[in-house]
Amino acid sequence: MDCDVVVAGAGPTGLMLACELALGGARAVVVERRREPEKHSKAMGMQGRTVELLELRGLLDRFKEGAGVLQGGNFASLGVPMRFEEFDTRHPYVLLVPQLRTEELLAERARELGVRIVRGSGVTGFAQDADGVTVETDTGLLRARYLVGCDGGGSTVRKAAGIGFTGQDPHMYALIGDMRFSGDLPRGEGLGPMRPVGLVNPAKRSWFGAFQHQPGVYRATVAWFDRPFADRRAPVTEEEMRAALVEHTGSDHGMHDVTWLSRLTDVSRLADSYRLGRVLLAGDAAHIHLPAGGQGLNLGFQDAVNLGWKLAAVVRGHGTEELLDSYGRERRPIADGVVRNTRTQAVLIDPDPRYEALRQTFRDLMALPDTNRHIAGMLSGFDVAYGGGDHPLVGRRMPDAELITADGPRRISDCFAGARGLLLLPEQGPTASPLAAWADRVDTLTVKSGGPDPDTAHLVRPDGYVAWAGEPARTEELHHAATTWFGAAA
Ligand SMILES: Cc1cc2nc3c(=O)[nH]c(=O)nc-3n(C[C@H](O)[C@H](O)[C@H](O)COP(=O)(O)OP(=O)(O)OC[C@H]3O[C@@H](n4cnc5c(N)ncnc54)[C@H](O)[C@@H]3O)c2cc1C
């Protein structure tokens, strides 16, 4: 074997997955088709749960340096802020980090952890057998135990695996780009995600939106509905963008110094399965949708954090097939929910006057605390739940808290830098850890005070989700949970 896992694609998903695999003790090689990194950022924001996961891995300080903060988020540009503060979190905001910076920081981290990143080497196909996968790349063959396709929406790995990509064709078409303007830009309500600069043109069912992401440089979008592009793949010219601005806003506003132009639609698709034997999918390779609300990168990042420790455990011999299958079982419904909420947003940002009543109804609903919480929980990722159990925290993220432990004060979020499991044991529980036989995979902390419930034992997975919670005396149940998530006792 050349390595344990070949990761196809050095986007945010592939890079984060490689970091997680390395932390779990698996040897990963990332192969990337592009010779050079991308020059323009697509995503601009990290949702609250992603920020928490960065903190769990000790990466948040790097990401916060120079980053802005967006309070209240954005759902369908309805102008109703989401109340992320309702969640038990230290990070109730969106952290504004351009995707290029995210990729740079994750590549730096992957290299620190010993991951090899091979550029100019796209995956072209693969063949799998009982022992491993032979991966064909532009630069030769690689033999590995597993292959993970993190190779974006057009995923070669997904297509070669014959996994269907089921979904909906677009009805929204947009030109997007980075540029400067010498003239004034229209300011108003705006239906695009970029208030307060914006203009809605109900007669043409179109809108224009722009926001400044560097001094004087705008990310501008002109969007319209039910009038498809002549050629979805044709490069966008400056003339085409200028004509779209004039048609939909009445002026090109002195557009100049255009550095990036692209096409965007609300096409949405979800992979029929996340796994075929030794081949798995993550990130945009498994799901695509309109980037409304800023969720795609976050979804891929969280796929990586869900899959990394499981696949590493399988490679190291204590993770089961069932554990690996739990990746798709847990993550696919989450992506399905995001696909649905972005389809909803794609309807709400269609300025057809016939939808105005629908928009107003949604505004009213978003003002209600329960509805606001539902949508905020979905967009931020705070409400992600992987199954359930007797205790309300099972399957949910472990809330962060300052603990007083037998060894002094510890913050829960500081306990996961090594991507290991964690057992929080109340002081009045057994003196020896009931998971001593899992000590090579699970740390135990004896808690004197602090945390969500200091009388309850909590077993937390490496991705920060609660695997089991209950009375410390229920050792048999705890052992069962430890075996399910961490494999057989040593
Ligand atoms: C305009 C726009 C704005 C967005 N804004 C946001 C936002 O604010 N927040 C958010 O969360 N998301 C946003 N998104 C979505 C986000 O950019 C994507 O979800 C994210 O890039 C997905 O990451 P990924 O690593 O899965 O895939 P990608 O970023 O597509 O990376 C895939 C990588 O694989 C490489 N590759 C392709 N084929 C092969 C092959 N055969 N072999 C090897 N390598 C290959 C590619 O070169 C690429 O580097 C936005 C998207 C767009 C278009």
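What is the volume of the second largest pocket? In this predicted model, the second largest pocket has a volume of about 430 Å³. Its lining comprises 26 residues, and those nearest the pocket centre are Tyr386, Gly388, Val394, Ala467 and Trp485. Two or more lining residues are contributed by each of α8 (321-348), β25 (466-470) and α11 (475-486). By residue class, the lining of this pocket holds 12 nonpolar, eight polar and six charged residues.

The domain assignment places this pocket in context. The chain is assigned domain 1 (3-167 + 269-380), domain 2 (172-265) and domain 3 (402-486). Domain 1 and domain 3 each supply at least three residues to the lining of the second largest pocket. Between domain 2 and domain 3, the C-alpha centres are 51 Å apart.

The ligand is surrounded by 29 residues, of which Thr13, Glu32, Val123, Asp284 and Leu297 come nearest. The shell around the ligand consists of 10 nonpolar, 13 polar and six charged residues. Oxygen atoms of the ligand also lie close to backbone atoms, as tabulated here.

| Residue | Backbone atom | Ligand atom | Distance |
|---|---|---|---|
| Gln295 | polar backbone atom | oxygen | 3.5 Å |
| Gly296 | polar backbone atom | oxygen | 3.2 Å |
| Leu297 | backbone N or O | oxygen | 2.8 Å |

Taken alone, the ligand exposes 1000 Å², of which the protein buries 88%. The elements giving two or more residues to the shell around the ligand are α1 (12-23), β2 (28-32) and α7 (296-316). Of these, α7 provides the largest share of the shell, with three residues.

Definitions and conventions
Residues are numbered from 1 along each chain as its sequence is written. This is a predicted model: local features need pLDDT of at least 70, side-chain atom pairs count only at pLDDT 80 or more; totals for chains, interfaces and linings use all residues. Side-chain values use heavy atoms; hydrogens and water are left out. Domain bounds come from an automatic or database domain assignment. On a 1 Å grid over the protein atoms alone, a cavity is a set of points where a 1.4 Å probe fits but cannot get out, and a pocket is an open set with protein on both sides within 12 Å along at least five of seven lines; lining residues have an atom within 4 Å of a point. Grid points are joined across faces, edges and corners, and a volume is the space filled by probe spheres set on the points. Helices (H or I, at least four residues) and strands (E, at least two) are DSSP runs, numbered from the N terminus. Ala, Val, Leu, Ile, Met, Phe, Trp, Tyr, Cys and Pro count as nonpolar, Asp, Glu, Lys and Arg as charged, and the others, Gly among them, as polar. A residue is near a molecule or strand if one of its heavy atoms lies within 4 Å of it. A polar contact is a pair of N or O atoms within 3.5 Å; within protein, one must be able to donate a hydrogen and the other to accept it, and residues adjacent in sequence count only if both atoms are side-chain atoms. Accessible areas come from the Shrake-Rupley method with a 1.4 Å probe; for residues, only the protein chains shown count as cover.
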